[in-house]
Amino acid sequence: MATVGNTAAAMSVPLLDLKAQYPAYQAELWPVLQALCAGQGFILGPQVTALEASLAAYSQATFGVGVSSGTDALLLAMMALDIGAGDAVLTSTYTFFATGGTIARLGARPVFLDIDHDTFNLSPAALERCLVEQCHREHGQLIHTASGARVKAVMPVHLYGQAAEMQALLALAHAYDLKVIEDAAQALGSEYHGRRVGGLGDIGCFSFFPTKNLGAFGDAGLCTANDAELTERLRVLRVHGGKPKYFHGLIGGNFRIDELQAAVLNIKFKHLDVWTEGRQRNAERYRALFASAGLSERVELPVAVPGLRHIYNQFVVRVAERDALRAFLAEQQVGTEIYYPVPLHLQTCFSYLGGQRGDCPVAERAADTSVALPIYAELSDAQLTYVVESIRRFYQNR
Ligand SMILES: *Cc1c(COP(=O)(O)O)cnc(C)c1O
């Protein structure tokens with residue numbers, strides 16, 4: 001039965017709709033893929049070289065090294081910096097699993113720290129507290145007191161597409177002689193006061209997982225760096241540490257990006273700024289719609305820090321009754337997701353690190369209240385309106 005007086009017509013708004021962006025580059029893609037198939041050159045060819053150059057320039061970094069995924073970018077970055085057993089890496093507890101998982105896979109100890117409420121990013125105050133209260137110097141080396149591990153690096157994450165507080169984080173890292181690896185997986189093109197992320201620390205790590213602002217047709221990633229020697233280590237470790245081929249001075253792995261993925265990314269890259277601007281426009285539209293719906297008390301919108309270029313890989317709001325709202329939105333055909341429901345210090349696989357509820361209260365609270373709304377560029381104004389109207393209806397009866 002049709003209901004009379006519905007303010008918004010029923011529609012479906014998925015969290016992400018990659019099919020909606022495909023027509024924008026379909027015609028450019030096919031000749032390139034056909035040429036690649038005809039040439040049968042699949043490994044580290046001209047498409048990879050071109051992608052590395054254009055994305056390094058886009059990120060204001062000197063060098064780019066294409067890799068097999070964002071996860072492998074993190075792994076390779078730490079291998080290039082000689083991080084392994086007996087070392088510790090300080091990072092955010094509120095992030096995708098790969099940030100902490102790669103540290104642990106190398107035999108190093110992840111030290112998970114709390115975030116800032118406004119940005120969801122690694123808190124400089126938490127980092128400083130850890131360095132001052134939980135670490136000590138031994139023969140000039142910084143030691144994580146509880147575990148005895150040598151503290152080697154800090155790994156900030158530019159979560160949801162907004163840069164972490166890099167000035168304060170870099171100052172602390174330099175004061176304590178630590179390397180900085182940026183997990184920029186969600187933040188290609190994101191800016192910290194006029195400087196793009198990826199070239200701010202020692203190595204930047206990007207992901208082209210299909211849900212990122214620049215998505216491949218599968219898995220792919222990139223490391224960026226400004227130091228030539230470090231970049232050479234990344235390149236050699238990417239091919240099993242062989243240099244020349246079959247002569248191994250280092251133990252690396254197969255971390256190569258496919259030529260096929262690089263070809264797709266080179267084409268999609270031409271559209272990246274338009275897509276990112278679409279996301280930014282949608283974010284501003286959401287702010288206006290939430291304000292006029294009178295939801296400011298109920299829904300805490302993401303804070304866009306002045307001077308930072310937020311690329312809105314995700315638009316994450318915070319609400320009480322998060323799970324009930326999600327269930328209601330699912331019924332209304334509005335897609336949402338929780339990034340992330342469990343901070344890393346509380347994950348079962350990291351229980352050996354001794355993390356407890358209460359260690360990182362800001363992140364724990366975020367995990368209980370945050371929910372991502374659809375933000376992709378191709379959303380129509382009717383869809384954005386429908387999302388906010390659906391949320392308004394949820395609160396109407398409460
Ligand atoms: C996506 C993501 C990664 C991992 O990238 P993959 O390409 O999926 O391996 C790492 N860190 C963060 C913060 C991410 O969002």
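Here's a quick tour of the ligand site and of one residue, N213, in this structure. Keep in mind that the model is predicted. The ligand has 14 residues around it, and G70, T71, Q186, S207 and K212 come nearest. N213 sits in the loop between β10 (203–207) and β11 (221–225).

**Around the ligand**
- Three side chains put a polar atom close to ligand oxygens: for T71 the distance to a ligand oxygen is 2.5 Å, for Q186 it's 2.7 Å, and for K212 it's 3.0 Å.
- On its own the ligand has 380 Å² of accessible area, and the protein covers 93% of that.
- Two helices, α3 (70–80) and α4 (97–105), each chip in at least two residues of the shell.
- By character, the shell breaks down into seven polar, five nonpolar and two charged residues.

**N213 and its surroundings**
- Is N213 buried or exposed? N213 counts as buried because its relative accessibility is 7%, and the cut-off for buried is under 20%.
- Leaving out residues up to four places away in sequence, N213 touches L272, W275, T276, R279, I311, Y312 and N313.
- One of those partners, R279, is 66 residues away from N213 in sequence, yet their C-alpha atoms are 9.1 Å apart in space.

**Polar contacts of N213**
- The side chains of N213 and T276 are joined by a polar contact of 3.3 Å.
- A polar atom of the N213 side chain also lies 2.9 Å from the backbone oxygen of I311.

Notes: Residues numbered from 1 in each chain as written. Predicted model: local features only at pLDDT ≥ 70, side-chain atom pairs only at ≥ 80, totals over all residues. Heavy atoms only, no water. Near = heavy atom within 4 Å. Polar contact = N/O pair within 3.5 Å; in protein donor to acceptor, adjacent residues only side chain to side chain. Areas by Shrake-Rupley, 256 points an atom, 1.4 Å probe, with all protein chains shown as cover. Helix = DSSP H or I, 4+ residues; strand = E, 2+ residues; numbered from the N terminus. Nonpolar A, V, L, I, M, F, W, Y, C, P; charged D, E, K, R; others polar. Buried < 20%, exposed > 50% of the residue type's maximum accessible area, 1.4 Å probe, protein only. Contact = heavy atoms within 4.5 Å.
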